[in-house]
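Hi everyone, thanks for coming. I'd like to walk you through one model this morning, starting with its ligand and then moving on to a few individual residues. Let me put it up on the screen.

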Amino acid sequence: MNYLSPSILSADFWKLGEDIKAVEGAGVPWLHVDVMDGLFVPSISYGMPVLKAVRPHTHMFLDVHLMIEKPERYVKEFASCGADLVNFHLEATEDVKGCIEKIRATGKKVGITIKPATPAEAVEPYLELVDMVLVMTVEPGFGGQKLIPECLDKVQVIRKMITEKGLAVDLEVDGGINLDNVQLALEKGANVIVAGSAVFKDDIAANAKAFLTKMR
Ligand code: DX5
Ligand code: ZN
């Protein structure tokens, strides 16, 4: 099953609710929430209050991407603010297993994420323990960047690992995905597609529908 997860980082915050309703109305199942702390990545975005404000107004699956140092400090709060899945970077913690367990204890789904320079093999020891792997296809920190094609080769490697182990782990790509390269990402084995700037511009509902059509 393929899922589109539009990133609200590229939404218009003056009318965030309206932008979210536009994608939900188009039939989009997931929503991607990027949290940045200015340490793990150079920029600062938003956090718990925004998630908490969105939660009661949407049925979409809230896919929270933590780009923060020592994510274990905050997973409980993000879970209670309404995340359905909490995703953290392997590079951001010294205790990956501990962080996975902390998220599990909240009853929410667990995702692990790797930056472009981190090899595919880094996720292998944790595949049995998680619901999703996110492969960054740009350096995390900003929307609107160009996809790094080599990152899609890692998607292919990880999809093979998941299949060989007989697991039902979702595989997400994030960064620089647009209507021209989404097909390639799916072919490489991704089944969850994050798109920020390609969805939240001009006619948002039409953009979302165009993605959904390509992802069928
Ligand atoms: C980047 C974020 C992405 C970003 C994607 O650090 O993790 O989710 O919003 O934006 P686009 O689709 O514009 O590359
Ligand atoms: Zn993201």
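I'll begin with the ligand site and then turn to three residues. Please keep in mind that this is a predicted model.

So, the ligand. Which residues come closest to ligand 1? They are D34, G141, D174, G196 and S197, out of 20 residues that surround the ligand.

Let's look at some of the polar contacts here. Two of them go to the backbone: an oxygen atom of ligand 1 is 2.7 Å from a polar backbone atom of G141, and an oxygen atom of ligand 1 is 2.8 Å from a polar backbone atom of G196. With S197 the partner is in the side chain, where an N or O atom lies 2.5 Å from a ligand oxygen.

How much of ligand 1 does the protein cover? On its own the ligand has 380 Å² of accessible area, and the protein covers 100% of that. The space that ligand 1 takes up is also the largest cavity.

What is the shell made of? Three elements each give two or more residues to it: β2, residues 30–36; β3, residues 61–67; and β8, residues 192–195. Of the elements, β2 gives the most, with three residues. If you like to think in residue classes, the shell around ligand 1 has eight nonpolar, ten polar and two charged residues.

Now to the individual residues, and N87 comes up here. You'll find N87 in strand β4, which runs over residues 85–89. Is N87 buried or exposed? It counts as buried, because its relative accessibility is 0%, and the cut-off for buried is under 20%. As for a partner, the N87 side chain reaches the backbone nitrogen of I112 at 3.4 Å.

Last, some backbone angles for those of you who check phi values. K70 is not a glycine, yet it has a positive phi of about 45°. K70 sits in the loop between β3 and α3, the latter being residues 75–80. With a relative accessible area of 44%, K70 is partly exposed.

D202 is not a glycine either, and D202 has a positive phi of about 45°. Its place is in the loop between β8 and α7, where α7 covers residues 204–214. Here the relative accessible area is 74%, so D202 is exposed.

That's my tour. Thanks for listening, and I'm happy to take questions.

Definitions and conventions: Residues are numbered from 1 along each chain as its sequence is written. Chains are lettered from A and ligands numbered from 1 in the order in which they are written. This is a predicted model: local features need pLDDT of at least 70, side-chain atom pairs count only at pLDDT 80 or more; totals for chains, interfaces and linings use all residues. Side-chain values use heavy atoms; hydrogens and water are left out. A residue is near a molecule or strand if one of its heavy atoms lies within 4 Å of it. A polar contact is a pair of N or O atoms within 3.5 Å; within protein, one must be able to donate a hydrogen and the other to accept it, and residues adjacent in sequence count only if both atoms are side-chain atoms. Accessible areas come from the Shrake-Rupley method with a 1.4 Å probe; for residues, only the protein chains shown count as cover. On a 1 Å grid over the protein atoms alone, a cavity is a set of points where a 1.4 Å probe fits but cannot get out, and a pocket is an open set with protein on both sides within 12 Å along at least five of seven lines; lining residues have an atom within 4 Å of a point. A molecule sits in a cavity or pocket if more than half of its atoms lie within 2 Å of its grid points. Helices (H or I, at least four residues) and strands (E, at least two) are DSSP runs, numbered from the N terminus. Ala, Val, Leu, Ile, Met, Phe, Trp, Tyr, Cys and Pro count as nonpolar, Asp, Glu, Lys and Arg as charged, and the others, Gly among them, as polar. Buried means under 20% relative accessible area, exposed over 50%, partly exposed in between (1.4 Å probe, protein chains only).
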